[in-house]
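Hi,

Here is the structure I said I would pass on. Have a look at it first, and then read my notes below.

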Amino acid sequence: DTVAALITYLQALSALPSTGTVFITNGRTTAGDTPTRTMTLKDASHTDNGGTIRTVSGDKHLEITDWDGDVRDFGVVGDGVTDDKVALQKAIDAAATNSVEVRLQNKEYFLNSSSTGVELLTIPSNTVINGNGANINGKTASGGSFVTGNINIEGTRTSTTSDLTASVVRGVNTVTVADASGFTAGDKITIQAPTDEGENGDAGKVAPTELNEIVSIATNTLTLKFPLSHDYNIAADHNGSDTSTVRKISAIKENILIKDVELNVFVRFALVDGMEFRGCTMPRTLNFASSDAGTFADDPSRNITIDLDVSAVRAPSTGPDENVGLYNITNLDANIRTYGGFKDGIRVHGCSDGIIKANISECGNRPIHMYKSQNITLDAPTITGTIVDATEYELILFDSCRYCTARDIYIDEVGKTG
């Protein structure tokens, strides 16, 4: 850590100027090159963040004023052994604050996961992570084989809700609720279908839910920014008497790009508007699943683009129900290649308005399972290899979907065992 060495040097000086500029190379340039950093002495109003701002002495702080997002400035090691999760989180937060991309190197970043489901990293809005071929590895121990930790990309909901008083259909942009007093124009909201509709004999299914925004309110009628993507009933269409509900959202995540990185972690996202995974690989089972996100169960997202290779190699008798779970996403553009898995290769539940390209092999159960989705196109899906579970053997299942299309399907050498 060259910055730490510089601070040690400055602390050893007999006196420090009140202000000044220090140029450093941070170990990334050879002698004679143009310095890669400008650091300025700051006063006590600045707080040490472990990276771009460091305490030198008393009220003197050293700040990188032209930081380029290199995570090494926060002490991130990337040797595959050192636990980098705390330092990497600080670098990610600073990058969002300074509007620069997070720059990783072609190294392995070990994030020690103490138990299943532990939150390893939280990604804020307006974040770009440029992996440059890096491997982010969330396991129980360095060199371990089982992924347990999570990268979380989640907004926050409130407890303010109101039930619909009249059923509405896809395409309209108004809903009427029992009590609109807890809502104001500009609020982000979710609209969720009756929770019983997420059952239909299978607890792994979710009730359609979408993200929207209130433009105006007249008495108890909400005018929405976007036309509805699903129908919403005031009574469940089976298995109960629950009703559709509007919920106020306190914050969403926006404008996130993760590119050129191997993610050896689970990724959970919910309440996100605008996110892209570009050229990413995940060599073990993954859930893009709001349904697995604890208190954010079934919460939706909008405008999601995914280019992903999930070459999961895992015994089909264990693990999550799906390799890739796409839940309640409006405006989806996905290109997914996946291998192996316990049950379904790709689950598309409650999604609307999008296109999915998929290449699936050696699936444990159904290669593609779509439920309560609308206006989704499966573009040239490819299905090959052995289906392990003989009890549920549909290659592509459209369950309670509308306006969905599968075109140019390629199926080759599909067999089954059991």
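**Strands, then two residues**

In β26, Gly354 has Ile376 as its bridge partner. Before going further, please keep in mind that this is a predicted model.

Gly354 is a handy place to start. Turn to β22 and you'll find Leu332 standing opposite Gly354 in β24. The link between β24 and strand β26 (residues 374–379) is made by 4 bridges, and the two strands run parallel. On the β22 side, β22 and β24 also pair in the parallel sense, over 9 bridges.

How much of strand β24 is buried? For β24 (residues 352–361) the answer is 7 of the 10 residues, so the strand is largely enclosed by the rest of the structure.

Next, have a look at the open sheet. It's built from 4 strands in the order β21-β23-β25-β28, with parallel pairing. The edges are taken by β21 (322–327) and β28 (396–399), and each has a single partner strand, so one side of each is left without a neighbour in the sheet. Going from one strand to the next, the twist averages 10°. Inside that order, strand β23 (residues 344–349) is joined to strand β25 (residues 368–371) by 4 bridges, and these two run parallel. If you want a pair of residues to click on there, try His349, which stands opposite Tyr371 in β25.

As general background, strands of a sheet pair through backbone hydrogen bonds, either parallel or antiparallel.

Now for the two single residues I looked at.

Thr338 sits in strand β22 (residues 329–339). Is Thr338 buried or exposed? Its relative accessible area is 4%, and buried means under 20%, so Thr338 is buried. Which residues does Thr338 contact, leaving aside neighbours within four places in sequence? They are Val310, Asn323, Gly345, Ile346, Asn359, Ile360 and Ser361. Two of the strands described above turn up in that list: Gly345 and Ile346 fall within β23 (residues 344–349), while Asn359, Ile360 and Ser361 fall within β24 (residues 352–361).

The other one, Gln89, is in helix α2 (residues 85–98). Gln89 counts as buried too, at 16% relative accessibility. Not counting residues up to four places away in sequence, Gln89 touches Leu120, Leu121 and Thr122. With Thr122 there is a polar pair to look for: a polar atom of the Gln89 side chain lies 2.7 Å from the backbone nitrogen of Thr122.

Happy browsing!

Notes:
Residues numbered from 1 in each chain as written. Predicted model: local features only at pLDDT ≥ 70, side-chain atom pairs only at ≥ 80, totals over all residues. Heavy atoms only, no water. Pairing = 2+ DSSP bridges. Axes fitted to C-alpha atoms, helices over the stretch in contact; angles between N-to-C directions. Buried < 20%, exposed > 50% of the residue type's maximum accessible area, 1.4 Å probe, protein only. Contact = heavy atoms within 4.5 Å. Polar contact = N/O pair within 3.5 Å; in protein donor to acceptor, adjacent residues only side chain to side chain.
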